[in-house]
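Me: I would like to go through this structure by asking, for each descriptive term, what justifies it. Please set the value against the criterion each time.

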Protein chains: 2
Amino acid sequence: MANISDIIEAFLLDTMGNNEKLTLSRNELASYFSCAPSQINYVLTTRFTPERGYIIESRRGGGGSITVVRLSQTPEEAYGEILGTVNENDGISFAKASQLLDRMCRDAIISERESEIVKTVLSDKALIAPTVIKDRLRLNILKSVLLQLLRMNGEED
Amino acid sequence: MANISDIIEAFLLDTMGNNEKLTLSRNELASYFSCAPSQINYVLTTRFTPERGYIIESRRGGGGSITVVRLSQTPEEAYGEILGTVNENDGISFAKASQLLDRMCRDAIISERESEIVKTVLSDKALIAPTVIKDRLRLNILKSVLLQLLRMNGEED
DNA sequence: TAAGGTCAAAGGTCAAAGAAAGTCAAATAA
DNA sequence: TTATTTGACTTTCTTTGACCTTTGACCTTA
């Protein structure tokens with residue numbers, strides 16, 4: 001936690017609290033943390049991604065600002081979106097898969113324990129395979145898991 | 001004794017004390033002991049293995065670090081029987097893996113839901129790979145999951 | 001007064017540099 | 001031989017700065 005990015009992330013999450021939106025000034029924030037303004041963009045694009053359940057809106061020019069919006073969805077919406085996201089590519093990195101799982105966890109679609117198990121399964125360590133194949137394999141496993149979760153949700157509850 | 005690896009090992013054990021985790025900086029430690037940074041990796045991979053009851057986590061890049069996690073049980077203690085059944089071969093069929101998971105479920109090591117998820121992951125459908133490789137891959141994933149379960153059991157749930 | 005011009009104040013982008021840690025194989029020591 | 005030590009090279013993540021684009025307030029000028 002010694003890097004500024006993590007600190008800014010924590011600050012934003014904390015400031016946001018339970019609110020759905022948070023509006024801020026890039027320059028103000030940057031000068032508050034004594035960092036380059038583009039550092040703020042870095043934090044936003046690496047931590048507040050759609051995969052993690054956030055979108056960013058902004059306006060340039062005089063009086064411009066940035067707004068962080070937290071998306072919350074029903075499980076069905078989440079599945080649709082995630083499966084969609086997942087279907088577009090024919091492979092997925094561990095980092096990205098991990099973000100998706102974090103988000104599902106945040107939205108209470110799966111438990112933290114479950115997300116940890118699935119992350120383990122999708123990790124580079126678990127998937128001994130050539131790099132080219134690895135991302136495709138990972139995606140395939142992830143899809144299978146999502147479908148299985150859907151099936152189970154349908155049966156139980 | 002008298003070799004750096006043993007000294008570093010002792011230092012880490014001592015520093016760790018009774019704590020469950022120890023976070024350190026590879027470069028700092030290396031320069032403290034005036035050794036190559038990769039020496040630290042050597043110590044970690046030879047002495048702080050899962051078999052001996054440790055797991056290593058790490059993060060690269062600015063602000064990166066390494067964390068040593070002590071398991072409350074070694075895999076042998078926890079899954080000795082299971083791993084024994086499994087270790088003879090260097091691969092495992094879906095049927096056999098499935099049986100093991102059922103047993104773990106029965107023994108309340110994992111929930112039914114969790115066992116279903118892991119079964120899905122280990123199914124032939126999820127694991128698109130040449131048959132020869134498939135069983136080995138499956139075993140590797142299964143082992144990773146077992147390790148992860150151990151780690152999670154050590155922490156609060 | 002309407003249309004367009006100017007300019008400073010935002011925010012955006014991107015690539016290069018920096019900061020860790022990881023890998024691997026050759027050299028060395030026990 | 002087996003275990004250790006080293007260092008060159010790789011990968012991942014972060015930080016910074018130079019340059020780009022957009023916007024709105026405030027002019028001109030017909």
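Reply: A suitable place to begin is Ile56(B), which stands opposite Val68(B) in β3(B). The model is a predicted one, and the same strand β3(B) also holds Arg70(B), the bridge partner of Tyr54(B).

Me: What makes β2(B) and β3(B) a pair, and in which sense do they run, parallel or antiparallel?

Reply: Two strands count as paired if at least two bridges are found between them. β2(B) and β3(B) have 6 bridges and pair in the antiparallel sense, so the criterion of at least two is met. These two strands also form a hairpin with 5 residues between them, and in the turn Gly61(B) has a positive phi of about 75°.

Me: Why are β1 and β2 of chain B called edge strands?

Reply: The open sheet of chain B has 3 strands in the order β1-β3-β2, with antiparallel pairing. β1 (21-24) and β2 (54-59) are its edge strands, as each of them pairs on one side only. Neighbouring strands of this sheet are turned by 15° against each other on average, direction ignored.

Me: What is the order of the strands in the sheet of chain A, and how many bridges join β1(A) to β3?

Reply: In chain A an open sheet of 3 strands has the order β1-β3-β2, again with antiparallel pairing. Its edge strands are β1 (21-24) and β2 (54-59), each of which pairs on one side only, and the twist averages 20° from one strand to the next. β1(A) and β3 (residues 65-70) pair in the antiparallel sense over 4 bridges, so the requirement of at least two is satisfied. Thr23(A) has Thr67(A) in β3(A) as its bridge partner. Helix α1 (residues 4-16) of chain A lies across β1, β2 and β3 of that chain, running at about 120° to β1(A).

Me: How do you know whether Ser58(A) is buried or exposed?

Reply: The label exposed requires a relative accessible area over 50%. Ser58(A) has a relative accessible area of 55%, and is therefore exposed. Ser58(A) lies in strand β2 of chain A and, leaving aside neighbours within four places in sequence, is in contact with Ser65(A) and Ile66(A). Between Ser58(A) and Val121(A) there are 37 Å in space, C-alpha to C-alpha, and 63 residues in sequence.

Me: Why does Thr74(B) count as buried?

Reply: Buried means under 20% relative accessible area, and Thr74(B), at 17% relative accessibility, therefore counts as buried. Thr74(B) has its place in the loop between β3 (65-70) and α4 (75-87) of chain B. Apart from neighbours within four places in sequence, the residues in contact with Thr74(B) are Pro50(B), Glu51(B), Arg52(B), Gly53(B) and Leu150(B).

Me: What makes α6(B) and α7(B) roughly antiparallel?

Reply: The axes of α6 (residues 112-122) and α7 (residues 131-154) of chain B come within 10 Å and cross at roughly 155°. Angles over 145 degrees count as roughly antiparallel, and the two helices are therefore roughly antiparallel to each other. α6(B) passes α7(B) in a right-handed crossing. In this contact Val118(B), Val121(B) and Leu122(B) of α6(B) meet Arg138(B), Ile141(B), Leu142(B) and Val145(B) of α7(B). By class, the residues of the contact divide into 6 nonpolar, no polar and 1 charged.

Me: And why are α1(B) and α3(B) described as roughly perpendicular?

Reply: The axes of α1 (residues 4-16) and α3 (residues 37-47) of chain B come within 10 Å and cross at roughly 70°. The range for roughly perpendicular is 65 to 115 degrees, and α1(B) and α3(B) are therefore roughly perpendicular to each other. Ser5(B), Asp6(B), Ile8(B), Glu9(B) and Leu12(B) in α1(B) meet a set of residues in α3(B), among them Gln39(B), Ile40(B) and Tyr42(B). The contact of α1(B) with α3(B) has 6 nonpolar, 2 polar and 3 charged residues.

Me: Which elements make up chain A, from the N terminus on?

Reply: Chain A has 7 helices and 3 strands, and from the N terminus on its elements run α-β-α-α-β-β-α-α-α-α. Of the 157 residues in chain A, 45% are buried. Among the contacts in chain A with a separation of 6 or more, residues 24 or more positions apart account for 57%.

Conventions
Residues are numbered from 1 along each chain as its sequence is written. Chains are lettered from A and ligands numbered from 1 in the order in which they are written. This is a predicted model: local features need pLDDT of at least 70, side-chain atom pairs count only at pLDDT 80 or more; totals for chains, interfaces and linings use all residues. Side-chain values use heavy atoms; hydrogens and water are left out. Axes are lines fitted to C-alpha atoms, for helices over the stretch in contact, and angles run from 0 to 180 degrees between N-to-C directions. Angles under 35 degrees count as roughly parallel, over 145 as roughly antiparallel, 65 to 115 as roughly perpendicular and the rest as oblique. A crossing is left-handed if the near helix is turned anticlockwise from the far one by less than a right angle, and right-handed if clockwise. Contact means heavy atoms within 4.5 Å. Ala, Val, Leu, Ile, Met, Phe, Trp, Tyr, Cys and Pro count as nonpolar, Asp, Glu, Lys and Arg as charged, and the others, Gly among them, as polar. Buried means under 20% relative accessible area, exposed over 50%, partly exposed in between (1.4 Å probe, protein chains only).
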